[in-house]
Amino acid sequence: CTGNGICKCRVCECFPNFTGSACDCSLDTTPCMADNGQICNGRGTCECGTCNCTDPKFQGATCEMCQTCRGACAEHKDCVQCRAFDKGEKKETCSQECMHFNMTRVESRDKLPQPGQPDPLSHCKEKDVDDCWFYFTYSVNSNGEASVHVVE
């Protein structure tokens, strides 16, 4: 009974929170809880303590990753470019469209925030209007405040 039940007459009697013929299916949904507080990010079902993503675009432990979706990097590239370097597609509308995040300049890429902090973090490498690479991170804290760190 995989240590999660007692075998009586060749049938497993499962402890609470376990089910299945060998008590190998956990009913605990904690491993399926996404950072946004939803089970499987609202994009799947929790089966035996594992997310089964119902939307094929999404994958990962809590159905949070989408390789084909437009990510935070591409989405915020133009605003970071105009705020940090005063150029790009949104240069003229920067003050109206691009004030939704706090911005911090850092000297080099190794000064950017690193994974392991409590807030979800996107590391970005994008090309600017002059075909040069620029680097930034984008994160949102638990209060919903967005923060960008950009390499000078």
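Domain bounds, as the term is used here, come from an automatic or database domain assignment.

**Figure 1. Two domains of the predicted model.** The structure shown in this and the following views is a predicted model. The domain assignment divides the chain into domain 1, covering residues 5–66, and domain 2, covering residues 70–151. Taken over C-alpha atoms, the centres of domain 1 and domain 2 are separated by 36 Å.

**Figure 2. The mixed sheet formed by E9, E12, E11 and E10.** Four strands make up an open sheet with mixed pairing, and their order is E9-E12-E11-E10. Strand E9 (101–106) and E10 occupy the edges, each pairing on one side only. With direction ignored, neighbouring strands of the sheet are turned by 25° against each other on average. Seven bridges connect E10 and E11, which pair in the antiparallel sense. Within this pairing, Lys 125 has Tyr 135 in E11 as its bridge partner. Helix H1 lies across E9, E10, E11 and E12 and runs at about 110° to E11.

**Figure 3. The largest nonpolar core.** This core comprises 15 residues, of which Val 80, Cys 98, Phe 101, Phe 136, Val 148 and Val 150 touch the most other members. At least two residues of the core come from each of helix H1 (72–85), strand E11 (133–140) and strand E12 (146–151). The greatest contribution is that of H1, which gives five residues.

**Figure 4. Surroundings of Val 148.** Val 148 is one of the core residues that touch the most other members. When neighbours within four places in sequence are left aside, the contacts of Val 148 include Val 80, Phe 101 and Phe 136. The remaining contacts of Val 148 on this basis are Asn 102, Met 103, Thr 104, Thr 137 and Tyr 138. A second, separate core contains six residues, among them Cys 32, Cys 40, Cys 51 and Phe 58.

**Figure 5. Salt bridges of Lys 87 with Asp 128 and Asp 130.** Five salt bridges are found in a search of the whole structure. In one of them, the side chains of Lys 87 and Asp 128 meet with an N to O distance of 3.2 Å. Lys 87 belongs to the loop between H1 and helix H2 (94–97), and Asp 128 to the loop between strand E10 (121–127) and E11, so this pair ties together parts that are 41 residues apart in sequence. Lys 87 is partly exposed, at 21% relative accessibility, whereas Asp 128 is buried, with a relative accessible area of 12%. Asp 130 also forms a salt bridge with Lys 87, and the closest N and O atoms of that pair are 2.6 Å apart. Because Asp 130 lies in the loop between E10 and E11 while Lys 87 lies in the loop between H1 and H2, the pair ties together parts that are 43 residues apart in sequence. Asp 130 counts as partly exposed, with 47% relative accessibility.

**Figure 6. The salt bridge between Lys 127 and Asp 131.** In the pair formed by Lys 127 and Asp 131, the closest N and O atoms are 3.5 Å apart. The relative accessible area of Lys 127 is 30%, which places this residue in the partly exposed class. Asp 131 counts as exposed, at 54% relative accessibility. Elsewhere, Lys 87, Asp 128 and Asp 130 are joined into one network by salt bridges that share partners.

**Figure 7. The hairpin of E5 and E6.** Strand E5 (residues 44–47) and strand E6 (residues 50–53) run antiparallel and are joined by four bridges. Gly 44 stands opposite Cys 53 in E6. The two strands E5 and E6 form a hairpin with two residues between them. One residue in the turn, Cys 48, has a positive phi of about 55°.

**Figure 8. Surroundings of Asn 41.** Asn 41 is located in the loop between strand E4 (25–26) and E5. With a relative accessible area of 14%, Asn 41 is buried, the cut-off for that class being under 20%. Apart from neighbours within four places in sequence, Asn 41 is in contact with Ala 34, Asn 36, Thr 62, Cys 63 and Glu 64. The C-alpha atoms of Asn 41 and Ala 61 are separated by 9.9 Å, and these two residues are 20 residues apart along the chain.

Note on methods
Residues are numbered from 1 along each chain as its sequence is written. This is a predicted model: local features need pLDDT of at least 70, side-chain atom pairs count only at pLDDT 80 or more; totals for chains, interfaces and linings use all residues. Side-chain values use heavy atoms; hydrogens and water are left out. A nonpolar core is a set of buried Ala, Val, Leu, Ile, Met, Phe, Trp, Tyr and Cys residues joined through side-chain atoms within 4.5 Å. Buried means under 20% relative accessible area, exposed over 50%, partly exposed in between (1.4 Å probe, protein chains only). Contact means heavy atoms within 4.5 Å. A salt bridge is a side-chain nitrogen of Lys or Arg within 4 Å of a carboxyl oxygen of Asp or Glu. Two strands pair if DSSP finds at least two bridges between them. Axes are lines fitted to C-alpha atoms, for helices over the stretch in contact, and angles run from 0 to 180 degrees between N-to-C directions.
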